[in-house]
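User: I'm new to this structure and would like a close look at one part of it. Could you walk me through the place where the two chains meet?

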Amino acid sequence: MSFKKLYFVILSCGIVGFSFLAQAQEQQLDDQEILNIENIYKTETPKAMQPRQAPAPEIVPKSAAETSSETAESENQTAVAPAPKNQRVENLTDLNKLSPFSEISVIQKKFLPKTERFQIYAGGGTTTNSPWFLNMGLKVNLGYHFTESFGVELSGLFLSNSEREVAKEIRDNNLLQPEKFINTKSYVGVDLVWAPIYGKLTMLNKHIIPFDMYFSAGGGTSSTNSQEGSVPTLHVGVGQIFAINKSMAFRWDYSWTSFQATPIPDKLATGVAEKNSYNDLILTAGFSFFFPEARYR
Amino acid sequence: MFDIAKTFFFTMVIFVSVFAQAATDVEVPVDELAQETVYPVFDNSVSLKNRNIKDSETFDIGIFGGLALTEPISNTSKAGLVFNYHLNENHSIGLLFAKNSNGLSADAQGLKKDFGLDFGRAPYMEYSLMADYNFKLYYGKLSLTKDGVMNTSLYLSGALGAVKFVHKTYPALAVGVGERFYFSKHFSLKVDLRFYAHQAPIPFKAGALRDGSKPTDNPGGVADPVPSYGSFSERLTYTTNLEIGLNYLF
């Protein structure tokens, strides 16, 4: 046997010998516990048991208000089932008592919380479906959010009215009075706001922008140039709120208002003016401000 | 030949591994630990590592319906087809074809009923064909009542093409903003708000529209002679269009 082979025999024996001496970390589980671990997912888990959330006891103590609001937020976000009993995971085998989450929310945290906060929105815009008039205006809303999803909002819209080219043409060429066509001067109303959609966008893969998408429905009164003047109005809206920081956001709103009104008769009209339905589609964009300051997160 | 250096090296490795041990804990005074959280600042931040909707170098086709919201006379509804090629995640080009409905708008029907003005005599738009460009500025995801996730994309659009009236074709320009909502990796709902600008005939031609049914300003109730489409003068026209469609990405 060459020296080389002799050396590898000795080296191999040494490795085998040391491997016998080596030992794993001390085990505290007996065979029964190992069987329990293997059966973790085979065992039917009790429904009452819920996994503990954030059990770390070292969290800095919070005020009652903070704790309350955070708890409310947590419930609002996750709607976790019954409060967990005082069950701690002391040993590895305790894991087999855990049950799956009864509900897992897709998104757990919000960058711009709205719960129990007011929102003031001011934006400029225009009516997008008026062929005869160019209606530019200002929209001002004051809202209060009961939860992240629901709120109420007072809304005020004030529009200017200038004739488009077609209105001048129908006056000059066809001798009509377009100023007597129904147009909206202002709208004041109240809405229930539902914001079921929350998400985030990346702008060219550089910045993250959280946003809400909401739907609103309500009613109010519109000031028009009709015989009635002010008329009751239905309102439905949709929009998105893009968070800039925790108190300010960019918002667009697309609103549909519908009302019935009777136009003032044109000088060429032969019959009695009839009451008809009229619709406005108003697009506005501007900024929202939220207050008071968010108390949680 | 046996290399004595290798032998020595392997032997040392064995001995070092035997005597190796974990580092001992180092006691650090609490007041020397960091007291504040500092967010890292990256030179080249990337917000999104892995997109769910991988639309780079893909095609999509779609159908849509729309309304010409500020059209005073012609029927405001239309339907069309759209075909897009996504150059990358930020840019796409495509073709947009829309067929306009025949008939009159609600306002024009009212003008005929109340004043005997028959705007059916005026030329009307038949269809439009546009080359469309989308700048996909925003991409993201949204939670729908916390029960599911869908992706969305916000984009600016610009289109160049032509609008075909019954008697003549005019070049057209359209700019707008749109948003896609992806139901899956292939299907999406697409909403576009576009502002069209193009030359168009003016339908309010004097002495050409009265059908004789309302003699108030027309003693004798004589109808105006039916004008030719070419006799209507033209001007630059702006129209707001709202389009909603379904697209398939592949």
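User: To set the scene, what share of the contacts in chain B with a separation of 6 or more comes from residues 24 or more positions apart? After that, please go on to the contact between the chains.

Analyst: Happy to, and keep in mind that this is a predicted model. In chain B, 65% of the contacts with a separation of 6 or more are between residues 24 or more positions apart. That chain is built from two helices and eight strands, and along the sequence they come in the order α-β-β-β-α-β-β-β-β-β. Chain B has 250 residues, and 32% of them count as buried.

Now for the meeting place itself. Chain A brings 39 residues to the contact, and chain B brings 41 residues. On the chain A side, the elements that give two or more residues are helix H1 (3-21), helix H4 (165-174), strand S6 (184-203) and strand S7 (207-224). S6(A) gives the most to this side, with eight residues. If you sort the chain A residues that touch chain B by character, you get 23 nonpolar, 12 polar and four charged.

S6(A) is worth a second look. This strand pairs across the chains with strand S4 of chain B, residues 125-144. The two strands run antiparallel and are joined by seven bridges. To find the pairing on your screen, look for Met203(A), which sits opposite Tyr138(B) in S4(B). So that you can place Met203(A), recall that S6 of chain A covers 184-203.

Methods. Residues numbered from 1 in each chain as written. Chains lettered and ligands numbered in written order. Predicted model: local features only at pLDDT ≥ 70, side-chain atom pairs only at ≥ 80, totals over all residues. Contact = placed C-beta atoms within 7 Å. Helix = DSSP H or I, 4+ residues; strand = E, 2+ residues; numbered from the N terminus. Nonpolar A, V, L, I, M, F, W, Y, C, P; charged D, E, K, R; others polar. Pairing = 2+ DSSP bridges. Buried ≥ 20, exposed ≤ 12 C-beta atoms within 10 Å, placed from the backbone.
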